[in-house]
Amino acid sequence: MNQVLNCVSPIDGSVFATRETLSREDAFVVAQRARDAQAAWAARPLQERIDLVQAGVAAVGAMNDDIVPELAHMMGRPVRYGGEFGGFNERATHMASIAAEALADINVGEDASFKRYIKRVPHGVVFVVAPWNYPYMTAINTVAPALIAGNTVVLKHATQTLLVGERMAAAFHSAGIPTDVFQNVFLSHDVTNDLISGNAFDFVNFTGSVGGGQAMERAAAGTFTGVGTELGGKDPGYVMEDADLDAAVETLIDGAMFNAGQCCCGIERIYVHESLFDDFVAKAVEIVKGYKLGSPLDPETTLGPMANVRFASEVRAQIDEALADGAKAHIDTFPEDDGGAYLTPQILTNVTHDMRVMRDESFGPVVGIMAVKTDEEAIRLMNDSEFGLTASLWTRDVERAQSVGDQVETGTVFMNRADYLDPGLCWTGCKNTGRGGGLSVIGYQNLTRPKSYHLKKVTS
């Protein structure tokens with residue numbers, strides 16, 4: 001029996017959109033259509049695929065005036081921030097610009113007797129399971145390069161952002177990409193599992209929770225289907241004694257609180273050299289006290305609700321447990337805090353790694369701040385985590401940042417910035433954050449497989 005997916009708006013708890021999931025039979029039909037369409041799509045010239053994808057991206061941009069309030073309704077991001085098209089376009093454009101070089105044959109050698117080279121060939125059908133927190137930007141990370149590389153794509157979006165996949169599919173189809181080449185689907189967990197375990201796909205890209213990633217890998221076990229994952233995070237910031245204090249406070253607190261803290265690479269814990277600790281905390285508190293919590297449809301709002309009441313409940317639980325264990329809260333409850341999705345942003349000190357708020361992913365507007373004496377202490381604390389996505393280092397010394405960065409178990413090392421995805425670099429993680437990598441040349445390598453050619457010209 002088909003299920004009904006309900007997108008419940010965090011603005012007021014009303015149902016904003018509903019969609020019916022595909023039956024198991026219909027879902028396999030979708031996958032087969034994608035498989036049947038793949039060879040003809042891959043046979044098109046590379047530049048043609050690039051042009052069509054870029055036209056699809058532009059068509060999404062043309063929808064932005066409708067998309068921005070739609071996102072506010074679905075997941076609570078304030079309209080004042082204008083949606084995601086800037087990053088969406090930047091990532092797709094970069095991947096288009098490097099495609100020819102990234103997908104070029106690797107020439108091993110040719111002489112009168114032999115021609116040898118390695119091609120990059122598409123996997124076939126790529127299944128993209130995208131999250132709700134940055135629903136357009138996270139999806140395009142894989143959708144654009146997968147299509148450009150000659151794969152067909154089946155996209156399944158999170159229920160919280162139910163309409164995003166439809167928007168993207170409509171835009172790409174309007175630009176001329178065939179309907180079977182890029183399909184959006186609504187699926188139950190059981191049917192998703194059946195598709196993966198039934199070899200319906202050649203590669204799976206999943207962004208979401210650790211539990212979700214484990215479910216994807218279990219479903220793929222024994223099928224030899226490749227699975228790339230970006231899962232949880234507990235990203236640290238480290239402010240050294242020579243840092244630009246004002247810049248560090250402004251960037252790290254924005255990295256902790258923007259999008260109500262619901263960022264894959266958001267800052268969730270901050271370590272500050274003891275000489276700057278008091279000033280850092282005081283400046284951070286003043287910034288957060290200036291936020292305006294409210295309806296994301298109000299252009300004056302700087303902090304909207306969390307996407308779901310249950311997400312806010314987890315953050316409240318982590319804060320309450322920390323306070324019970326001796327942490328200090330620096331932000332009084334905002335009048336707009338309703339005990340539900342609208343949550344007061346919080347800064348905590350007197351925290352330790354015995355507290356869940358410093359260990360478990362919060363994914364909300366809370367950050368714990370600790371004083372440290374040395375780089376060695378900061379490195380030990382940054383590495384005391386099951387996750388490893390990004391680390392933000394603040395110093396005026398590039399060599400010191402490189403040295404500290406070499407010792408931090410993470411996917412990306414930032415110096416004097418945070419919470420940014422550079423499409424020229426590989427977006428990747430370690431430990432329970434997952435495996436694989438998106439964007440950059442490496443993103444193309446993960447969305448294709450090598451195929452070797454050993455051609456003997458002379459047989460006598």
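This report describes one open sheet in a predicted model and the helices that lie against it.

## Basis of the description

In this predicted model, local features need pLDDT of at least 70 and side-chain atom pairs count only at pLDDT 80 or more, while totals for chains, interfaces and linings use all residues. Residues are numbered from 1 along each chain as its sequence is written, and side-chain values use heavy atoms, with hydrogens and water left out.

## The sheet and its edges

The open sheet has 7 strands with mixed pairing, in the order β12-β13-β14-β11-β10-β16-β17; strands (E, at least two residues) and helices (H or I, at least four) are DSSP runs numbered from the N terminus, and two strands pair if DSSP finds at least two bridges between them. The edge strands, each pairing on one side only, are β12 (328-329) and β17 (412-415). Strand β17 is joined in the parallel sense over 4 bridges to β16 (residues 390-394), and A391 has V413 in β17 as its bridge partner.

## Strand β14 and its neighbours

Strand β14 runs parallel to β11, with 5 bridges between them, and R269 has G368 in β14 as its bridge partner. Strand β13 also pairs with β14 in the parallel sense, over 3 bridges, and Q346 stands opposite V366 of β14. Because 6 of its 7 residues are buried, β14 is largely enclosed by the rest of the structure (buried means under 20% relative accessible area, with a 1.4 Å probe and protein chains only).

## Helix across the sheet

Helix α12 (residues 375-383) lies across β10 (235-239), β11 (267-273), β14 and β16, and runs at about 150 degrees to β14; axes are lines fitted to C-alpha atoms, for helices over the stretch in contact (heavy atoms within 4.5 Å), with angles from 0 to 180 degrees between N-to-C directions.

Definitions and conventions: Buried means under 20% relative accessible area, exposed over 50%, partly exposed in between (1.4 Å probe, protein chains only).
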